[in-house]
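Let's take a walk through this one, starting with the overall build and then stopping at a couple of charged residues.

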Amino acid sequence: MDDFDDIRAQLRGDHVATLAELDALRGAVDGPGARARLQKLRRAWVTHALAEETVVYRTLDGVQVTSSPSDASMRFVEHRRADRHFEKVLHHRAGTRDWIDALDALRDFIARHVAAEQEDTFMRLAGRFDRRGLCEMGRRFQLARTKLRMLEDAKAA
């Protein structure tokens, strides 16, 4: 088992890649390339969020007796908010002040989500699963993400 097999390393890798691409998009110039990159990032974020919900949160909710429906509802609300932020960026031309401002708002939202997740979810995972369990969850996350990417790619085509 490699350290990357651990679900936390995979989630962290997705988070780092998402934030790096958002930073890179700040310097994008107007044109179809910037919009295509943002749409690709949006699909990757949706795929990540759905796979995370399916594998990580359902598993945690299954072992945490105190989990409430409001916890799950808040996660879905956050995923919808992120999607609305992506939509706001797409309403502007790349490279404009409005594009950068909307992109910064999206990045700030995702950065706060990531920080909260790493503070809460990662600690819950570490407290409830051993290395083998974390790696098994990582394997299931990879499978879910691959299937969801295929579906997202088919919808985008």
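**A helical chain and two buried charges**

Asp6 is buried, its relative accessible area being just 9%, and the cut-off for that label is under 20%. Before we dig into that, keep in mind that this is a predicted model.

Now for the overall layout. The protein chain has five helices and zero strands, so reading from the N terminus you simply get α-α-α-α-α. Of its 157 residues, 39% count as buried. Look at contacts between residues at least 6 apart in sequence, and 80% of them join residues at least 24 apart. On the outside, the protein chain exposes about 8700 Å², with carbon and sulfur atoms supplying 55% of that area.

Back to Asp6, which sits in the segment before α1 (7-25). What does the side chain of Asp6 make a polar contact with? The partner is the side chain of Arg8, at 2.5 Å. Leaving aside residues up to four places away in sequence, Asp6 also touches Leu134 and Cys135.

The second stop is Arg42, found in helix α2 (residues 32-63). Is Arg42 buried or exposed? Its relative accessibility is 14%, so Arg42 counts as buried, again because the label applies under 20%. The side chain of Arg42 is joined to that of Glu87 by a polar contact of 2.8 Å. Glu87 also turns up among the residues that Arg42 touches, along with Asp83, Phe86 and Leu90, once residues up to four places away in sequence are set aside.

Notes
Residues are numbered from 1 along each chain as its sequence is written. This is a predicted model: local features need pLDDT of at least 70, side-chain atom pairs count only at pLDDT 80 or more; totals for chains, interfaces and linings use all residues. Side-chain values use heavy atoms; hydrogens and water are left out. Helices (H or I, at least four residues) and strands (E, at least two) are DSSP runs, numbered from the N terminus. Buried means under 20% relative accessible area, exposed over 50%, partly exposed in between (1.4 Å probe, protein chains only). A polar contact is a pair of N or O atoms within 3.5 Å; within protein, one must be able to donate a hydrogen and the other to accept it, and residues adjacent in sequence count only if both atoms are side-chain atoms. Contact means heavy atoms within 4.5 Å. Accessible areas come from the Shrake-Rupley method with a 1.4 Å probe; for residues, only the protein chains shown count as cover.
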